[in-house]
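Subject: Structure handover

Hello,

Here is the structure for you to look over. My notes on what turned up in it follow below.

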Amino acid sequence: MLTSADRFVMEVAASLLAEFRANRAEFKAAKYSHLIGCLARLGLTPADRQKLGTEKPREGNPFDEF
């Protein structure tokens, strides 16, 4: 869950993402690394979502009990 304390990181990530989408050819590797770092801090990468301790979905058919 994001809070107001995450506002600055979210703003930086949004700015970098907008810049990346506007001109990918001119987007430097260092900025790309910084963008990925911001997304990771916010839990928005697959690897970082696993660290959040969210519950894994149950395997099997949910209708088996019927």
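Leu2, Met10 and Leu44 together make a nonpolar surface patch of about 250 Å². Please keep in mind that this is a predicted model. Of the patch residues, leucine 44 sits in the loop that runs between helix H2 (29-41) and helix H3 (46-51). Its relative accessibility is 45%, so leucine 44 is classed as partly exposed; the partly exposed class covers what falls between under 20% (buried) and over 50% (exposed).

The helix before that loop

H2 has 13 residues, which at 1.5 Å a residue should give a span of 18 Å. The C-alpha atoms at its two ends are 18 Å apart, so the model agrees with the expected value. The span is reckoned with one less than the number of residues, because that is how the expected value is defined. After H2 comes glycine 43, with a positive phi near 75°.

Isoleucine 36 belongs to helix H2. Its relative accessible area is 35%, which means that isoleucine 36 is partly exposed. Between isoleucine 36 and alanine 13 there are 8.3 Å in space, C-alpha to C-alpha, although the two are 23 residues apart in sequence.

The loop and the helix after it

Is threonine 45, in the loop between H2 and H3, buried or exposed? Threonine 45 has a relative accessibility of 14%, so it counts as buried, the limit for that class being under 20%. Leaving out residues up to four places away in sequence, threonine 45 touches Ile36, Leu39 and Ala40. The partly exposed isoleucine 36 of H2 is thus one of the residues that threonine 45 touches.

Which side chain does threonine 45 join by a polar contact? The partner is the side chain of aspartate 48, at 2.5 Å. Aspartate 48 is part of helix H3, so this polar contact links a loop residue with a residue of H3, by the definition of the helix runs.

Aspartate 48 has a relative accessible area of 16% and is therefore buried. Apart from neighbours within four places in sequence, aspartate 48 is in contact with Ala40 and Gly43. Ala40 is also among the residues touched by threonine 45, and Gly43 is the glycine with the positive phi that follows H2.

Regards

Key:
Residues numbered from 1 in each chain as written. Predicted model: local features only at pLDDT ≥ 70, side-chain atom pairs only at ≥ 80, totals over all residues. Heavy atoms only, no water. Patch = residues over 30% accessible without salt bridge, like charges linked within 9 Å, V, L, I, M, F, W, Y side chains within 5 Å. Areas by Shrake-Rupley, 256 points an atom, 1.4 Å probe, with all protein chains shown as cover. Salt bridge = Lys/Arg side-chain N within 4 Å of Asp/Glu carboxyl O. Helix = DSSP H or I, 4+ residues; strand = E, 2+ residues; numbered from the N terminus. Buried < 20%, exposed > 50% of the residue type's maximum accessible area, 1.4 Å probe, protein only. Polar contact = N/O pair within 3.5 Å; in protein donor to acceptor, adjacent residues only side chain to side chain. Contact = heavy atoms within 4.5 Å.
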